Amino acid sequence: MTLNLFLLQLFTGVALGSVFVLLAIGLSLIFGLLTVVNFAHGAFYMVGAYVGVFLLGLTGNFWVALILVPFVVGAMGLVVERFLVRPLYGRGIDYPLLLTFGLGLVLVELVRIVFGLEGVPFDVPDALQGAVNIGIGWFPLYRLFLIAVTIALVVGLWLFLEKTSFGLIIRAGARDPEIMRVLGVDISRVWLMVFGIGTGLAGVAGVLSAPMTSVIPDMGTSVLVEAFVVTVVGGMGSLLGAVVAGLMVGIIISMTALFYPELADLAMFILMAAVLLVRPQGLFGRKGLMG
Amino acid sequence: MTSSDKRKGPSPTRRDVLTIGAAGGVLLAAPWIARPALAQEGPIKIGFPVPLTGPYGSEAQEQARCAQIAVDEFNAAGGLGGRMAELLVRDDKLKSGEAATRTLELIEKDGADFICGSLSASVQLAVNTVCAERGKIYNSISQSDAINEAGNFTKYTFHEALNPHMTAGAVGHHVFPDSGKRVAFLIADYAYGHEMARGFKVAGADYGIEVVAEVTHPLASKDFSTFLPQIQAANPDVLCLCNFGFDQLNSLKQATSFGMKNQMKMIAPALLYNQRRAGGADIYSGVVGGTNYYWKLEDEIASAKAFNDSYRAQNDGAPPSDYGAYGYAGVGVLLDAVKSAGSTDTDAVIGALETLKYDKYKGQQYYRSCDHQSVQSVFIIESKDEADMENEYDVFRVLATASADEGALRSCAELGHG
């Protein structure tokens, strides 16, 4: 065991964590503001990958696909919020949960019908192919790019929420939607946008993951579990929590793979259990949001 | 059918009762005539539990398609004296509990005469146990061969697929003599992975290979990046990918992105056609592996051509895959045995299978008598680069053939057969 291997393994964990971060912030955003537990998040991630495949086939350009996917998937999210989720507001947390759970199954089945069960090829774009020496060993250029995109998106989202007036409305709406209504803000429009942004983020995560894993209809299923673990560890509804927990989970999975691979699958659940025992609301969560 | 027939119409007259009574009397008096006649009623049912959903879904779907072709051919040829066959496909979800339940249902509820299927070691063991208990023939089309070992084997057990010892052995004997001696393993942490690794090590012992890294990963991992740095650090000449399905594709995809192909040669015991098609030429470029079947064999083998043509006719001209062919052969050989036995009686069919020399799709095969493993050839293939492909299906080149030979199997004594 050399120091370089240890560091490389750590860095691998960060890259792995950045996908978790992307997934979890979308999930956390939707939950924090709408108190909707979105079980279709994994399906939107999968749809993102398939829309990416489709756009890549249409345009032949990865970058165009990468930029368009969040808008396409986000637009789907808008439709879902407006016509499916909205009628369920005020009916308790389990209604939208069941709805999105079913929606996830429907989306997977639709994709299976259209694209089939076989995987679809999705290559790393030429400009990002190969590995680079990062001083401690060779690392895929694409995964470096993934880390960079994640940082850009998280910073962008943070600026949007903290520094723009629309962000201010979103944050205020999360605290007290009634007062916002009284103040004359169309709060349902805000929720619509938030749902769209959340699903759009899932779509981005999907298309970004496509060159690394196989694009198959089931790809969202395992990812959904990971996204929920990260969100719960970080605290439901907390963006900072999603980022910190995402990286933590990535690094822990990576380190277990090195030292005790038999536990690699379980490690994140052990972390979750430990965090929940000490802080039931998650690392950065507010108390009582689920109530 | 018969019970509903009885109920319709007015209540029976005295004459009807007499007729029925007389007929019943004849039936009771002559069971040796009546019983076989009753047993021949209805179609020959073959239960086919495979993991339609999950990481091996694409292989399993293909197996079901090909198995159906075998059934259609049997029926088109008149069945067993007019008695048709029927395929009952069930999703075992790659879980042994699910598979055991489905198999039990197939036998008890659906009245399956034979069981063929499964795609994983533990699932196969479960199905094997259920079939042994119920006294039904089970023909496995999964590579793992724990069911052929004396502890699990019963007379009902048949293994149509290759096994890890044969596949990894053939690939190892082809690759190790000319490669460097430092060998690393990436192993899916279940029976198949470990059996494949064992096959490579046994073959490698003849050439003095040195195992420099042995990394296991959980079955159906999505991200392999965390397992790869250790392998890189060990600096091997050859990396054996002992995993299957999407795991094979994903690990190869990610290893390629880590630039590992420049450092080492990648080999896979079972180099999969479906995954190669899903992954594309770049990712698989230069990878060598083994297979039970590649459609291009049709240039030399007549049965391969016939199988391909049947498949193409139903699938827009696309050729069948390696694992699909297992489905075709596994069900096809059962039906051949039924024909040669002239009945679906379990013991008669077992007897027929044991003596059958068959050529369903890849040349001569037969079941070894001690463990019912199908003795057959292994083909060594290499993935083609985009520029060398004649069409989208032309993905491999056949480098060598390890011909059907009992010497390539673990001996009966090694498996514990007395």
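Reader: How many residues of domain 2 of chain B are in contact with domain 3 of chain B?
Author: Happy to start there. This is a predicted model, in which local features need pLDDT of at least 70, side-chain atom pairs count only at pLDDT 80 or more, and totals for chains, interfaces and linings use all residues. Residues are numbered from 1 along each chain as its sequence is written, while chains are lettered from A and ligands numbered from 1 in the order in which they are written. Contact means that the C-beta atoms of two residues, placed from the backbone, lie within 7 Å. Domain 3 of chain B brings 19 residues to this contact, and the number from domain 2 of chain B is 21.

Reader: Which helix gives the most to that side of domain 2 of chain B?
Author: Helices here are DSSP runs of H or I with at least four residues, strands are E runs of at least two, and both are numbered from the N terminus. Two elements give two or more residues to the side touching domain 3 of chain B: helix H6 (121–134) and helix H4 (57–76) of chain B. With three residues, the one that gives the most is H4(B).

Reader: And between the chains, which element of chain B has the largest share of the side that touches chain A?
Author: Chain A puts 36 residues into the contact and chain B puts in 32. Elements supplying at least two residues each on the chain B side are H4, strand E7 (210–217), helix H9 (228–234), helix H10 (246–257) and helix H11 (273–279). The largest share, six residues, comes from H10(B).

Reader: Which strands are at the edges of the open sheet in chain B?
Author: Strands pair if DSSP finds at least two bridges between them. Seven strands of chain B follow the order E7-E6-E8-E9-E10-E14-E15, with mixed pairing. Pairing on one side only marks the edge strands, E7 and strand E15 (396–402) of chain B.

Reader: Inside that sheet, which residue of E14(B) is the bridge partner of B:Gly289?
Author: Strand E10 (residues 288–291) and strand E14 (residues 378–383) of chain B pair in the antiparallel sense over four bridges. The partner of B:Gly289 in E14(B) is B:Ile381.

Reader: At about what angle does helix H8 of chain B run to E6(B)?
Author: Axes are lines fitted to C-alpha atoms, for helices over the stretch in contact, and angles run from 0 to 180 degrees between N-to-C directions. Helix H8 (residues 191–205) of chain B lies across strand E6 (182–188), E7, strand E8 (238–242) and strand E9 (265–270) of chain B. Its angle to E6(B) is about 160 degrees.
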